[in-house]
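Let's take a friendly walk through this model together. Keep the viewer open, and pick out each residue as we come to it.

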Amino acid sequence: MEPQLGQLELSFTDRYSICVRETLNELPDSFTITDPSISGHPIVFASNGFLKMSGYEMAEVVGKNGRVFQGPKTDRRSVLEIREAIRQEKSLQVSIVNYRRDGRPFWMLFCMRPVFGKEDGRVVHFVGVQVPIMRKRRQSGGCNGGGFCGDGLGFRETMIGSCRREVCSDSVVELSRVLALDSDGRELEVEEHCEASDLEKTKAASAMNNILSVLTHYSELTRRLVCGKRCCLAGMGPLGSSLILSLGRIKQSFVLSNPHLPDMPIVYASDAFLKLTGYARHEVLGRNCRFLGGVDTDSSTIFKVAILLSSIKESIQTEQACTVRILNYRKDKSSFWNILHISPVRNASGKIAYYMGVQIDEGSKNHDKNGLSPEMKPHSAVGAVKVAVRSLSMIAGTSES
């Protein structure tokens with residue numbers, strides 16, 4: 001399922017001021033920005049330089065995963081390197097074959113860096129810079145001692161080398177197109193591995209620094225700061241991108257709380273939870289679930305709520321699951337009866353990693369499109385979360401051993 005346009009828009013408007021897109025588009029470089037918190041890890045921004053280089057329109061790129069630019073000649077090992085860097089939330093630099101919209105392959109230097117939110121240390125975006133690799137092509141015959149070929153390629157290589165020294169950004173796309181074709185207009189072979197030059201690596205690093213500088217500046221204007229290194233608040237252990245991606249596929253309303261931190265703060269909130277309550281993600285993370293409570297004038301109801309809260313606390317202390325009916329409030333102060341299911345979530349070693357709270361609005365109790373009854377929805381969500389947490393903790397344990 002492709003992400004909704006609203007999610008893609010909020011990825012930027014929730015974090016940066018409104019002028020960030022205009023400023024990013026003034027940069028001459030080819031780059032994309034992706035959001036790992038949205039299911040499918042889609043592109044949420046593509047620069048004009050990227051669109052010009054790839055031949056795509058903006059509407060054809062935003063909302064898509066970067067794999068759409070890969071093809072049969074793309075090295076699977078390079079793809080796995082990228083996936084592993086995303087999973088480990090690390091920077092990456094790799095040479096890879098990508099494809100333009102018209103199907104032509106080309107070598108490029110791909111540099112990727114995570115962007116972290118300062119308030120919780122979570123990865124909010126990945127920036128991917130693409131620099132076409134200009135390479136000399138040798139043919140089997142007709143080459144002189146200097147490496148130039150007698151079919152006219154020598155003149156072309158001289159012109160390309162000259163332009164590389166001049167670093168003419170406006171002609172990068174045209175040059176990459178020249179390099180993708182031989183003198184007869186046929187596609188060049190791309191099986192031979194191609195490494196970027198020092199100049200191309202320097203260009204990629206400079207572009208990345210400029211992009212991060214823009215993002216940092218425009219996040220300061222919204223007071224939702226981002227940085228190029230993880231620098232979260234003390235005690236707030238962030239969830240990994242791979243776990244966030246897995247959790248993002250679960251459509252029910254739920255939150256995860258960390259029982260190992262003071263006051264059991266929320267460390268993950270699903271899109272359905274945000275829709276149900278009306279809160280933005282940054283207004284939820286780091287808070288205890290009690291903020292959904294409100295003042296009720298009926299003393300008997302308050303007494304019942306107190307009993308229910310006591311039941312929840314007892315459930316947490318005994319590490320057991322429980323289901324209660326409790327009156328909660330949305331951000332707009334409207335109330336709803338919440339059928340709240342709380343369950344411990346254990347990692348691969350059997351230790352409790354999180355407590356999960358699944359919320360069902362009693363006013364909308366009905367079967368969903370998958371045929372699940374209201375009673376089955378919490379168990380379905382809990383099961384999916386447990387599988388995601390255990391699977392990823394097993395992978396992490398294997399990689400560390």
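A good place to start is Ser-78: leaving out residues up to four places away in sequence, Ser-78 touches Val-94, Ser-95 and Ile-96. Please keep in mind throughout that this is a predicted model. Ser-78 sits in helix α5, and because its relative accessibility is 3%, under the 20% limit, Ser-78 counts as buried.

**Helix α5 and its two sides**

Helix α5 covers residues 76-88, and at 1.5 Å a residue its 13 residues should span 18 Å; the end C-alpha atoms are indeed 18 Å apart, so the expectation and the model agree. Which residues of α5 are buried? They are Ser-78, Val-79, Ile-82, Ala-85 and Ile-86. Looking down the axis of α5, you will find these buried residues within an arc of 125°, so they line one face of the helix. The general rule behind such a pattern is that an α-helix has 3.6 residues a turn, so residues three or four places apart point the same way. Turn to the other side of α5 and you meet Arg-77, Leu-80 and Arg-83, which are exposed.

Both ends of this helix deserve a look. At the N-terminal end, Asp-75 acts as a cap for α5, with a side-chain oxygen 3.1 Å from the backbone nitrogen of Arg-77. Just after α5 comes Glu-89, with a positive phi of about 55°.

**Two residues with positive phi**

Most residues other than glycine have a negative phi. Glu-89 has a positive one although it is not a glycine, and this residue belongs to the loop between α5 and β3. Is Glu-89 buried or exposed? At 9% relative accessibility, Glu-89 counts as buried.

Arg-223 is also a residue other than glycine with a positive phi, in this case near 60°. Its place is the loop between α8 and β6, the latter being residues 226-227. With a relative accessibility of 78%, Arg-223 counts as exposed.

Leu-221 is found in the loop between α8 and β6 too. The relative accessible area of Leu-221 is 53%, and the cut-off for exposed is over 50%, so this leucine counts as exposed. Leu-221 and Arg-15 are 206 residues apart in sequence, yet their C-alpha atoms are 9.3 Å apart in space.

For another pair, take Ala-59 in helix α4, residues 58-61. Ala-59 and Ala-46 are 13 residues apart in sequence and 9.8 Å apart in space, C-alpha to C-alpha.

Here are the accessibility values for the residues discussed so far.

| Residue | Relative accessibility | Class |
|---|---|---|
| Ser-78 | 3% | buried |
| Glu-89 | 9% | buried |
| Leu-221 | 53% | exposed |
| Ala-59 | 70% | exposed |
| Arg-223 | 78% | exposed |

**The nonpolar cores**

In soluble globular proteins, nonpolar side chains tend to be buried together. Here the largest nonpolar core has 33 residues, of which Leu-24, Ile-33, Val-127, Val-129 and Leu-215 touch the most other members. Elements supplying at least two residues each to this core include α1 (5-13), α2 (20-26), β1 (31-34), β5 (123-132) and α8 (198-220). The biggest contribution to this core comes from α8, which gives eight residues.

Try selecting Leu-24 for a close view. Beyond its neighbours within four places in sequence, Leu-24 is in contact with Phe-12, Phe-31, Ile-33, Phe-45, Ile-211, Val-214 and Leu-215. Another core, of 23 residues, lies apart from this one, and its members include Ile-43, Phe-50, Met-53 and Val-123.

Helix α8 can be checked for length as well: at 1.5 Å a residue, its 23 residues should span 33 Å, and its end C-alpha atoms are 33 Å apart, which agrees. Among the buried residues of α8 are Ala-204, Met-208, Ile-211, Leu-212, Val-214, Leu-215 and Tyr-218.

**The whole chain**

Stepping back, the protein chain has 13 helices and 11 strands. Of its 401 residues, 48% are buried. Among contacts between residues at least 6 apart in sequence, 55% join residues at least 24 apart. The chain exposes about 20400 Å², with carbon and sulfur atoms supplying 54% of that area.

Terms used: Residues are numbered from 1 along each chain as its sequence is written. This is a predicted model: local features need pLDDT of at least 70, side-chain atom pairs count only at pLDDT 80 or more; totals for chains, interfaces and linings use all residues. Side-chain values use heavy atoms; hydrogens and water are left out. Helices (H or I, at least four residues) and strands (E, at least two) are DSSP runs, numbered from the N terminus. Buried means under 20% relative accessible area, exposed over 50%, partly exposed in between (1.4 Å probe, protein chains only). The expected span of a helix is 1.5 Å times one less than its number of residues. The arc is that of the directions from the helix axis to the C-beta atoms. A polar contact is a pair of N or O atoms within 3.5 Å; within protein, one must be able to donate a hydrogen and the other to accept it, and residues adjacent in sequence count only if both atoms are side-chain atoms. Contact means heavy atoms within 4.5 Å. Accessible areas come from the Shrake-Rupley method with a 1.4 Å probe; for residues, only the protein chains shown count as cover. A nonpolar core is a set of buried Ala, Val, Leu, Ile, Met, Phe, Trp, Tyr and Cys residues joined through side-chain atoms within 4.5 Å.
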